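Colleague: I am new to this structure and would like to go through its pockets, its cavity and its charged pairs with you. Could we take them one at a time, with the reasoning spelled out?

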Protein chains: 2
Amino acid sequence: MTETNDSGRKQEMVMISEVLLQTDQEDQRVVILKERKDADMFFMMFVGDTEFMAIAKEKGAFTSPRPMTHEIYLKIIENTPIVFTKIEIHSMTEGTYYANIYFKMDGKEVALDARPSDSVALALHGKVPIFVNKELMRRMITEKDLENYRDLIKTVKF
Amino acid sequence: MTETNDSGRKQEMVMISEVLLQTDQEDQRVVILKERKDADMFFMMFVGDTEFMAIAKEKGAFTSPRPMTHEIYLKIIENTPIVFTKIEIHSMTEGTYYANIYFKMDGKEVALDARPSDSVALALHGKVPIFVNKELMRRMITEKDLENYRDLIKTVKF
């Protein structure tokens with residue numbers, strides 16, 4: 001899928017079907033997005049505790065007796081004609097990822113700047129597609145890569 | 001101000017003009033609501049980190065380069081005819097406070113169940129009144145109270 005972003009430059013977008021939650025060695029919360037379960041490209045971002053919990057709840061990981069912040073607002077929005085259409089994680093500047101939430105209101109399409117973590121929670125809740133700029137995705141390191149890397153290292157002269 | 005709640009019982013509501021943030025001895029985040037600066041009645045609740053920060057930001061305590069969750073949703077709602085009218089912290093059950101967010105949409109008034117912390121952040125953002133059920137407010141302990149208490153203690157027979 002090719003789209004044009006604000007700057008007019010073409011962006012190749014990857015549609016996400018896997019939203020994975022992890023904590024890293026230092027107990028930081030990590031969200032990983034993949035096109036498919038077996039895809040070797042992935043998008044990774046660190047998120048705050050509350051945003052991590054919001055995504056976990058949307059994935060059905062737990063229930064809570066009281067509504068979380070994003071749930072209250074989505075409930076308010078249910079009373080309006082707003083229809084969410086998609087979210088896009090489109091760029092990275094100075095170590096920060098940027099996303100847009102797209103919605104329709106009275107036939108008008110609106111794009112709104114948002115944090116990727118909030119956007120992903122919203123997308124899971126509203127069952128709208130998640131897109132990530134392909135340039136922001138990394139390739140998983142495979143055993144074959146490691147082997148090639150070891151071979152490469154052997155050729156390096158110190 | 002007297003209102004009728006869902007159960008039809010009359011509730012005396014106090015309108016809040018002071019929203020104070022504190023951390024307690026154990027570094028827990030506390031929100032204190034008062035009718036006036038010099039009032040000796042107050043409402044107190046413990047809140048999570050993110051909710052504390054949301055209220056602090058709405059009070060102008062800091063700025064952040066990226067929008068917080070509630071700010072993104074309030075920005076989405078700006079595109080709709082929704083008008084927030086008030087919030088009410090109306091009851092406490094099993095140690096949990098309950099609030100309602102009131103808004104108008106196409107002439108219809110809607111009350112929505114919400115956490116008090118989210119409601120207060122919304123009220124500060126939208127500059128709508130905050131009400132607290134008077135029964136949920138406590139009286140500040142004064143020096144005079146302590147003195148009376150000491151006198152009372154002296155009369156107690158063990």
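Modeller: Let us begin with the classes of residue: Ala, Val, Leu, Ile, Met, Phe, Trp, Tyr, Cys and Pro count as nonpolar, Asp, Glu, Lys and Arg as charged, and the others, Gly among them, as polar. Please keep in mind throughout that this is a predicted model.

Colleague: With those classes in hand, how many nonpolar, polar and charged residues does the lining of the largest pocket have?

Modeller: The largest pocket holds about 700 Å³ of space. Its lining is made of 34 residues, and those closest to its centre are A:R66, B:G48, B:E51, B:R115 and B:S117. Divided by class, the lining comes to 15 nonpolar, 11 polar and eight charged residues.

Colleague: Which element gives the most to the lining of the largest pocket?

Modeller: Elements of both chains have to be considered, since those that give two or more residues to this lining are α1 (49-58), α2 (69-77) and α3 (116-126) of chain A together with β5 (41-47), α1, β7 (96-105) and α3 of chain B. With five residues, the element that gives the most to the lining of the largest pocket is α1(A).

Colleague: Turning to the second largest pocket, which element supplies the largest share of its lining?

Modeller: The second largest pocket has a volume of about 430 Å³, and among the 18 residues that line it, A:F46, A:V47, A:G48, A:R115 and A:S117 lie nearest its centre. At least two lining residues each come from β5 (41-47), β7 (96-105) and α3 of chain A, and from α1 of chain B. By class, this lining divides into eight nonpolar, five polar and five charged residues. The largest share, four residues, is supplied by β5(A).

Colleague: Besides these pockets, how much space lies in the largest cavity?

Modeller: The count of cavities of 30 Å³ or more comes to one. Residues of both chains line the largest cavity, namely A:T69 together with B:T50, B:E51, B:A54, B:M68, B:T69, B:H70, B:S117, B:D118 and B:A121, and by class they divide into three nonpolar, five polar and two charged. The space in this cavity is about 90 Å³.

Colleague: Among the helices of chain B that supply at least two residues of that lining is α2; how many of the residues of α2(B) are buried?

Modeller: The helices of chain B that each supply at least two lining residues are α1 (49-58), α2 (69-77) and α3 (116-126). Within α2(B), the buried residues are B:T69, B:H70, B:E71, B:I72, B:Y73, B:L74, B:I76 and B:I77. The helix is thus mostly covered, and the number of buried residues in α2(B) is eight of nine.

Colleague: Moving on to charged pairs, which residue of chain A meets B:R66 in a salt bridge?

Modeller: Side chains of opposite charge can pair when their charged atoms come close. B:R66 is buried, with a relative accessible area of 13%, whereas its partner counts as partly exposed at 36%. In this salt bridge the N to O distance is 3.0 Å, and the partner of B:R66 is A:D113. Because B:R66 lies in the loop between α1 and α2 of chain B and its partner in strand β8 (residues 108-114) of chain A, the pair joins two chains, and the residue on the chain A side is A:D113.

Colleague: B:E51 forms a salt bridge too; how far apart are the closest N and O atoms of B:E51 and B:R115?

Modeller: Both partners are buried, B:E51 with a relative accessible area of 9% and B:R115 with one of 19%. The pair links distant parts of the chain, 64 residues apart, with B:E51 in helix α1 of chain B and B:R115 in the loop between β8 (108-114) and α3 of chain B. The closest N and O atoms are 3.2 Å apart.

Colleague: How many salt bridges are there over all chains?

Modeller: One further example is the pair of A:K86 and A:E88, whose closest N and O atoms are 3.1 Å apart, and both of these residues are buried. Over all chains, the count of salt bridges comes to 18.

Terms used: Residues are numbered from 1 along each chain as its sequence is written. Chains are lettered from A and ligands numbered from 1 in the order in which they are written. This is a predicted model: local features need pLDDT of at least 70, side-chain atom pairs count only at pLDDT 80 or more; totals for chains, interfaces and linings use all residues. Side-chain values use heavy atoms; hydrogens and water are left out. On a 1 Å grid over the protein atoms alone, a cavity is a set of points where a 1.4 Å probe fits but cannot get out, and a pocket is an open set with protein on both sides within 12 Å along at least five of seven lines; lining residues have an atom within 4 Å of a point. Grid points are joined across faces, edges and corners, and a volume is the space filled by probe spheres set on the points. Buried means under 20% relative accessible area, exposed over 50%, partly exposed in between (1.4 Å probe, protein chains only). A salt bridge is a side-chain nitrogen of Lys or Arg within 4 Å of a carboxyl oxygen of Asp or Glu.
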